[in-house]
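Thank you for sending this model for comment. The points below are numbered so that each can be checked separately against the coordinates.

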Number of protein chains: 2
Amino acid sequence: MQQNVDVLVSEVGPRDGLQSIRSIMPLEAKKAWISAEAAAGVREMEVGSFVPAKLLPQLADTAEVVAHALGIAGLTVAVLVPNFRGAQAAVAAGVNKITIPFSASDTHLQKNVRRTPEEMLRETREIVALLRTIPAARRPRLEAGISTAFGCSYEGVIPADKVVRLAETLMEVGCDEVGLSDTTGYANPRQVKDLTIRVRQAVGERALAGLHLHNTRGLGLANVLAGLEVGIRTFDSSLGGLGGCPWAPGASGNVVTEDLVFMLDAMGVATGIDLDRLLAVRKILQDALPQEDVYGFVPEAGLPLGYRQRVGSPCQS
Amino acid sequence: MQQNVDVLVSEVGPRDGLQSIRSIMPLEAKKAWISAEAAAGVREMEVGSFVPAKLLPQLADTAEVVAHALGIAGLTVAVLVPNFRGAQAAVAAGVNKITIPFSASDTHLQKNVRRTPEEMLRETREIVALLRTIPAARRPRLEAGISTAFGCSYEGVIPADKVVRLAETLMEVGCDEVGLSDTTGYANPRQVKDLTIRVRQAVGERALAGLHLHNTRGLGLANVLAGLEVGIRTFDSSLGGLGGCPWAPGASGNVVTEDLVFMLDAMGVATGIDLDRLLAVRKILQDALPQEDVYGFVPEAGLPLGYRQRVGSPCQS
C-alpha cells in the first residue's frame with residue numbers, strides 16, 4: 001500500500017484556506033474533504049488551528065477535525081498553533097505535527113500573533129519544553145514556519161540574513177525543522193533557490209523540510225520548480241487554491257493542490273496521489289462553500305488528451 | 001539607448017491574442033498598443049497574420065499595422081503566414097520576420113492550414129526560395145514555429161522523435177530558425193527541458209531560438225523557467241494573456257506578458273522592459289476591448305512593497 005514518493009504534497013486548505021474565507025464550513029464537510037483527499041493519496045494535512053474561537057470561528061471545531069483525521073491510516077495530522085496554549089490543546093488532541101508561525105517581519109509577527117520576536121521566542125521555548133515531556137514515540141514534530149520569509153506587505157524587503165539567523169535560532173531552541181513561507185506571494189524562483197540554499201547551509205538539509213508558496217503573482221509553480229531543483233521535497237498547497245487573498249481581489253492565494261500535483265505528476269515526480277481522485281475532491285469543497293471562489297487551471301482545462309498513455313513516460317520520448 | 005538584454009520577450013498578442021477573440025480591435029487601438037508596448041521596451045512583436053480577411057477579419061488590417069510598426073525604431077516586426085501567398089504579402093509589406101506555423105501533429109496541421117505535411121513542406125521551400133530573391137540586408141528572417149510540439153488536442157501525445165526530425169527537416173529546407181510551441185498548454189517543465197535539449201542537439205543552439213508557451217494548465221511560467229535554465233533566451237507572450245482558450249472556458253491561453261516580465265525582472269534577468277510602463281499598456285487593451293477577458297496575476301495583485309529597492313538586488317541579500 002505504502003508507495004515511495006519523491007515529493008510530499010502537504011494540504012493546508014482545511015487550515016490556511018478555511019481561515020481566510022468568511023464562510024464557515026460545516027464539520028461534516030471538513031471530515032468528508034479530509035477523508036476523500038487522504039483516500040486520493042495525500043499523506044499530510046494541516047487540518048486546523050488551535051486559536052480562540054472568537055478570533056477564527058471557521059476553525060472552532062479543530063479538536064473534532066483532528067479526532068476524525070487521526071482515524072485515517074497513514075495520514076500525518078498537522079495543526080497550526082500561534083502560542084503555548086494552542087500547543088497544549090494540540091498535544092491534548094494528539095496531533096502528529098505542530099507548526100508555529102514565526103514571522104521574519106517584526107511588524108507581521110506583531111499583527112499576526114501580537115508578540116515581539118523576543119516574546120515569540122520565549123513562547124517557542126515553552127512549547128519545546130512541553131513537547132519534551134512527551135515520550136518520543138508519540139511526541140508531535142515541531143516545525144517553525146518562517147512567515148514573510150521572501151518579503152512582507154508591511155515592511156517590504158526582508159533581508160535574507162535575518163531569515164537565516166532566525167532559522168538558526170529556531171533550531172537552536174529545539175524546533176525539529178523550519179519551513180519557509182512566502183506568505184505574501186513576493187518570491188521569485190531565483191530568490192527561492194538562493195534563500196533555500198543559504199538556510200540549508202546554516203541549519204542542515206533535513207532541518208529545512210518544506211516550502212509554503214503562494215500564487216498571488218502567478219509564480220507559485222515556477223517557485224515550486226525552483227525549490228524542487230535545489231532539493232526541497234515538501235510543498236504546501238491548498239485544494240482549489242482556497243483562501244484567495246484579501247488584499248488582492250481576484251488573485252489567488254495558496255498554490256492550488258490540483259495544479260501542483262498535475263505538474264509533478266506530468267514531470268514523472270511521484271507524489272503517491274491519484275490525480276483523478278484528487279480532482280473529484282474539489283466537488284466536496286464547491287458543494288459545501290457555494291459562495292466561495294475556487295481556483296485552479298487544470299480543473300478548468302482538464303487533463304491533456306492521451307495523458308494516461310504518458311504515465312511513466314512523461315517526456316514523450 | 002540600446003541596453004543589453006538577457007532575454008527577449010516577444011509580444012504575440014496583436015496576432016495570437018486578437019485572432020482568438022470575437023471582437024475586432026480598431027486599427028487605431030492596435031497602433032496605440034504596439035507603440036506603447038514598444039515604448040515600454042518590448043523589442044519584438046508579432047503584429048498580425050497575412051491570411052484571407054474572410055477567415056480572420058480580426059487581422060484584415062495587418063498591412064496597415066505592419067506599416068505603422070515599421071516606423072518604430074528598434075522594433076523587430078514579425079507576422080505569421082500560413083502559406084506562400086501570405087509570405088508574398090509579408091515581403092511586400094516589408095516585415096523583419098516571418099513565422100510559419102508548422103504543426104508536428106498532422107491532424108492539427110490539416111485543421112490549421114489545410115495541408116498535409118508534404119504540402120506544407122513544399123510551401124515552406126517556396127517561401128525560402130522567395131526570400132532568397134531578396135538581398136540579405138533586407139531579407140526577413142524565417143522562423144518555422146513547430147506547433148503542438150508538446151502534445152496535441154486531436155492526437156494526444158506527439159513523439160519527441162517526430163518533433164526533432166521535423167526541426168531538422170525545416171532547417172535543411174532553409175528556415176533560419178525553429179521555435180517550439182505549446183499550442184495546447186500540454187507541456188511540463190521536464191518535457192520543456194528534454195525536448196529543448198534534444199532539438200538543440202539536432203539543429204544547433206542558435207537554430208532553436210525561442211519557446212511559445214501557453215498557460216492553459218497554469219504551468220506557463222514554470223515552463224518558461226525550465227526553458228531559461230537550458231539556455232532559451234526568447235519567450236513569446238501576450239499582453240493580458242489575451243486570447244483565452246476556446247476549448248477551456250476560464251482558462252487563459254498565452255503566457256501573460258505582464259507576469260512573465262515580472263518574473264524575469266524580479267529574478268534579475270534583464271529584459272529591457274520597464275515594468276510600470278508595461279503595466280500601463282494594459283489599459284489600452286481594456287478600453288478597446290471592454291467585452292473581452294484579460295488575465296494576469298501581477299496586474300491584479302500589484303508589485304511587492306519595496307520592489308523598487310530591490311532592483312539590482314533581487315535576492316534580498
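1. I begin with a helix pair in chain B, where the axes of helix α10 (residues 257-266) and helix α11 (residues 275-288) of chain B come within 10 Å and cross at roughly 170°. Since angles over 145 degrees count as roughly antiparallel, α10(B) and α11(B) are therefore roughly antiparallel to each other. On the α10(B) side the contact is made by Thr257(B), Glu258(B), Val261(B), Phe262(B) and Asp265(B), and on the α11(B) side by Leu275(B), Leu278(B), Leu279(B) and Arg282(B). Please keep in mind, here and below, that this is a predicted model.

2. A second helix pair in chain B makes a useful companion to the one above. The axes of helix α4 (residues 84-93) of chain B and α6(B) come within 9 Å and cross at roughly 20°, which makes α4(B) roughly parallel to α6(B), given that angles under 35 degrees count as such. The crossing in which α4(B) passes α6(B) is right-handed. Four residues are listed for each helix: Phe84(B), Ala87(B), Gln88(B) and Val91(B) in α4(B) meet Glu123(B), Glu126(B), Ile127(B) and Leu130(B) in α6(B).

3. Turning to the sheet of chain B, eight strands close into a barrel in the order β1-β2-β3-β4-β5-β6-β7-β8, with parallel pairing. On average, and with direction ignored, neighbouring strands of this sheet are turned by 25° against each other. Within the barrel, strand β1 (residues 8-11) and strand β2 (residues 44-49) of chain B pair in the parallel sense over two bridges, and Met45(B) in β2(B) is the bridge partner of Glu11(B). Helix α3 (residues 62-70) of chain B packs on the sheet, where it touches β2 and β3 (76-80) of chain B, and its direction makes about 160° with that of β2(B).

4. In chain A, too, eight strands close into a barrel, in the order β1-β2-β3-β4-β5-β6-β7-β8, and the pairing is parallel; the average turn between neighbouring strands of this sheet, direction ignored, is 25°. Strand β2 (residues 44-49) and strand β3 (residues 76-80) of chain A run parallel and are joined by five bridges, with Ala78(A) in β3(A) as the bridge partner of Glu46(A). Helix α3 (residues 62-70) of chain A packs on the sheet and touches β2 and β3 of chain A, its direction making about 160° with that of β2(A).

5. Which residues of helix α5 (residues 106-113) of chain B are buried? They are His108(B), Leu109(B) and Val113(B), and because they cover an arc of only 105° around the axis, they lie on the same side of α5(B). What covers these buried residues includes β4 (97-101) and α6 (117-132) of chain B.

6. Just after α5(B) comes Arg114(B), which takes a positive phi of about 55° and is a residue other than glycine. Arg114(B) lies in the loop between α5 and α6 of chain B, and it is exposed, because 11 other C-beta atoms lie within 10 Å and the cut-off for exposed is 12 or fewer.

7. Thr148(A) also deserves a look on the backbone side, having a positive phi of about 50° although it is not a glycine. Its place is in the loop between β5 (141-146) and α7 (160-172) of chain A. Is Thr148(A) buried or exposed? With 27 other C-beta atoms within 10 Å, Thr148(A) is buried, since the cut-off for that class is 20 or more.

8. Leu75(A) is placed in the loop between α3 and β3 of chain A, and Leu75(A) is buried, with 21 other C-beta atoms within 10 Å. Leaving aside residues up to four places away in sequence, Leu75(A) touches Ala38(A), Arg43(A), Met45(A) and Ala69(A). Leu75(A) and Val42(A), although 33 residues apart in sequence, are 7.6 Å apart in space, C-alpha to C-alpha.

9. Finally, helix α9 (residues 220-229) of chain A is mostly covered, nine of its 10 residues being buried; among them are Leu221(A), Asn223(A), Val224(A) and Leu228(A). Just after α9(A), Gly231(A) takes a positive phi of about 100°.

Notes
Residues are numbered from 1 along each chain as its sequence is written. Chains are lettered from A and ligands numbered from 1 in the order in which they are written. This is a predicted model: local features need pLDDT of at least 70, side-chain atom pairs count only at pLDDT 80 or more; totals for chains, interfaces and linings use all residues. Two strands pair if DSSP finds at least two bridges between them. Axes are lines fitted to C-alpha atoms, for helices over the stretch in contact, and angles run from 0 to 180 degrees between N-to-C directions. Two residues are in contact if their C-beta atoms, placed from the backbone, lie within 7 Å. The arc is that of the directions from the helix axis to the C-beta atoms. Angles under 35 degrees count as roughly parallel, over 145 as roughly antiparallel, 65 to 115 as roughly perpendicular and the rest as oblique. A crossing is left-handed if the near helix is turned anticlockwise from the far one by less than a right angle, and right-handed if clockwise.
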